[in-house]
Amino acid sequence: MFHQYKSVIEEGDPIVVYLTPDAMRPIYAKAGEIFNNRFGSFPHSNMIGLKYGSKMRSHDGKGFVYLLHPTPALWTRVVPHRTQILYLVDISFISLYLDLRPGKIMIESGTGSGSFSHSIARTIAPTGHLFTFEYHELRAAAAQKEFEEHGISHIVTTEHRDVIANGFGKSDIADAVFLDLPAPWEAVGAAKEALRKDTIGRICCFSPCIEQVQATALALDEHGFSDIRMFECLAKDNEVRTVSFPDIDQAINGKKVNFKQSTTDRKKRKLDSDSINGENGEESNITELLVSKPVDLARGHTSYLTFATLSPEVIE
């Protein structure tokens, strides 16, 4: 499901129900069940047989939702949070720097809520494989259940294991390693053992505190890693809008743009009525420009991303 597309919803299929841009819910289509929300009641039996992307009316016909095909990006937005998760900004950056692509072998610790695991699985499918480790037994079992329900269990192997104490149990197999641990520096040695020795190996450590980054960088250097770099991803959206301006003659005569927000559209700048119409009521020349500006609020710090590479061994 998550690494390939299907058209029609069948019994047991996962669905991301789109309510509003800020409200989506994950469900599984099960005949006899009903999805209730503020827009009405939506029987699952009516969903089965519809195409993904369909607009579905509520039982009373007054409300509606959209039935979206699940993707790793959507799952990141609706995943049940068992732990703190990675979001798309960090996921895309990590995937690029670890050079993830189809056929790669990846090791991840810890699994957590499985947000990043879904993105990895889609990126390395169909011939790659992800070995993901979680020290918390219940979280590991919950993640494994989700991977099976989402049709990616043949790409993802989940194991309940304390990798800091016991290592990964893998040697010379992985193209890349991702560590999301409280003390990632204690797992650097196990990561080195798991990385392939015949090609460049890559590692990424996800740490919220700069002290963790310092300890990790020292451990990476001690174990022979090079090109050690740390990044912090801060995404900032830009708001695009159309702004109307008076012509040059009106501007010379003192006509101004009204920057007050209207009650009908709070995102558009409106001209004063005096600027729109001339002194005799005739329509004036108005210039419209497409402009953008950064939004006032942006998401702050999530974590630091520490990357390093391991050079292949030279065989004499």
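Hi everyone, let me start at a small spot: right after helix H8 comes Gly224, and its phi is positive, near 90 degrees. Keep in mind that this is a predicted model.

Now back to the helix itself. H8 covers residues 210-222, and its 13 residues should span 18 Å at 1.5 Å a residue; the end C-alpha atoms lie 19 Å apart, which agrees. Which residues of H8 are buried? They are Gln212, Val213, Thr216, Ala219 and Leu220. Looking down the axis of H8, you find these buried residues within an arc of 130 degrees, so they line one face of the helix. Their packing partners are helix H7 (188-194), strand E11 (201-207), E12 and strand E17 (304-310). Turn to the other side of H8 and you meet Glu211, Leu218, Asp221 and Glu222, which are exposed.

That brings us to the sheet. It is open, with 7 strands in the order E9-E8-E7-E10-E11-E17-E12, and the pairing is mixed. Strand E9 (156-160) and strand E12 (226-232) stand at the edges with a single partner strand each, so each has one side without a neighbour in the sheet. From one strand to the next, the twist averages 15 degrees. For a parallel pair, take E7 (residues 105-109) and E8 (residues 129-134), joined by 5 bridges. There, Ile107 stands opposite Phe131 in E8.

Last, the cysteines. How many disulfides are there? The count is 0. Take Cys233, which is buried at 14% relative accessibility: the closest cysteine sulfur to its own is in Cys204, 9.2 Å away and too far for a bond. Cys209, at 37% relative accessibility, is partly exposed. Thanks, all!

Definitions and conventions
Residues are numbered from 1 along each chain as its sequence is written. This is a predicted model: local features need pLDDT of at least 70, side-chain atom pairs count only at pLDDT 80 or more; totals for chains, interfaces and linings use all residues. Side-chain values use heavy atoms; hydrogens and water are left out. Two strands pair if DSSP finds at least two bridges between them. Helices (H or I, at least four residues) and strands (E, at least two) are DSSP runs, numbered from the N terminus. Axes are lines fitted to C-alpha atoms, for helices over the stretch in contact, and angles run from 0 to 180 degrees between N-to-C directions. A disulfide is a pair of cysteine sulfur atoms within 2.5 Å. Buried means under 20% relative accessible area, exposed over 50%, partly exposed in between (1.4 Å probe, protein chains only). The expected span of a helix is 1.5 Å times one less than its number of residues. The arc is that of the directions from the helix axis to the C-beta atoms. Contact means heavy atoms within 4.5 Å.
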